[in-house]
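Reader: Please take me through one part of this protein in detail. I would like to see how a central strand sits among its neighbours.

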Amino acid sequence: MQKAKILLVDDRPENLLALEAILSALDQTLVRAVSGEEALKALLTDEFAVILLDVQMPGMDGFETAAHIKRRERTRDIPIIFLTAINHGPHHTFRGYAAGAVDYISKPFDPWVLRAKVSVFVDLYMKNCQLKEQAALLRLQLEDDRQDQRGGHSAEPLLAELSARLAAVEDLAEALSKQLEDSPEGGAAAAAAQLEEKLTTVRAALEALRPGADRSPTD
């Protein structure tokens, strides 16, 4: 599978270098942006698993950048982790969550903790990508199934293969959800729950394709 892209946004090159050193062990694609404007440009062309966004930047700060990201339909669901060297107390933290962040981390932060948090969202992104691939295969299979019915052929072997692939994704999603049950990361847990709901929908669609399954009049 193609590597996930992680967007690192900070106006200080030394901070970007430190983030790259911390996250390099994840073996994903790290993309730099030195301003909010540059981050928004990167989001126009690339798809990202998670964004690490510095709060204190000249010009467009992290809060304003996050507001633009959340207003765009294409990017509104990308998890944002705010990084800040200034702690103004609960109100400042609340502003970060209100801007759409899934987490808010004060510098200096524990490298192991940051890597673990980012890893969760990369895993969720990868499983969503697998789910999209399964959904695309199901759409193709639906058309093939209709053609096979007209020609008297059986689509059961391919349906069995699709079911096995989907089962593998379901097992991974279930394991991830169990890992997040007691996690304080509400954003990650919610994303995992949403992924499981999507998997349930895809499983129902797959079962509906099996010979002898009840179909709606529109199928």
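Author: What follows is a close look at strand E3 and the parts around it.

The model is predicted: local features need pLDDT of at least 70, side-chain atom pairs count only at pLDDT 80 or more, and totals for chains, interfaces and linings use all residues. Residues are numbered from 1 along each chain as its sequence is written, and side-chain values use heavy atoms, with hydrogens and water left out.

Begin with the layout. The protein has seven helices and five strands. These are DSSP runs, numbered from the N terminus, with at least four residues for a helix (H or I) and at least two for a strand (E). From the N terminus, the order is β-α-β-α-β-α-β-α-β-α-α-α.

Now E3 itself. Five of its five residues are buried, so E3 is largely enclosed by the rest of the structure. Buried means under 20% relative accessible area, exposed over 50%, and partly exposed in between (1.4 Å probe, protein chains only). Val-50, Leu-52 and Asp-54 point one way from E3. Ile-51 and Leu-53 point the other way.

E3 has paired strands. Pairing requires at least two DSSP bridges between two strands. E1 and E3 pair in the parallel sense over four bridges. In that pair, Leu-8 stands opposite Leu-52. E3 and E4 also pair in the parallel sense, over four bridges. Here Leu-53 stands opposite Phe-82. E3, H3 and E4 make a right-handed β-α-β unit. Right-handed means that, with the strands pointing away from the viewer, the path from the first strand over the helix to the second runs clockwise.

Next, the nonpolar surroundings. A nonpolar core is a set of buried Ala, Val, Leu, Ile, Met, Phe, Trp, Tyr and Cys residues joined through side-chain atoms within 4.5 Å. The largest one has 31 residues, and Leu-52 is among those with the most contacts inside it. H5 gives the most to this core, with eleven residues. Leaving aside neighbours within four places in sequence, Val-118 is in contact (heavy atoms within 4.5 Å) with residues including Val-50 and Leu-52. A second, separate core of 23 residues includes Val-31, Ala-42, Met-57 and Ile-80.

Helix H2 also meets E3. Its buried residues are Gly-36, Ala-39, Leu-40, Ala-42 and Leu-43. They cover an arc of only 160° around the axis, which puts them on the same side of H2. The arc is that of the directions from the helix axis to the C-beta atoms. These buried residues pack against E1, E2, E3 and H3. The face turned away carries the exposed residues Lys-41, Leu-44 and Thr-45.
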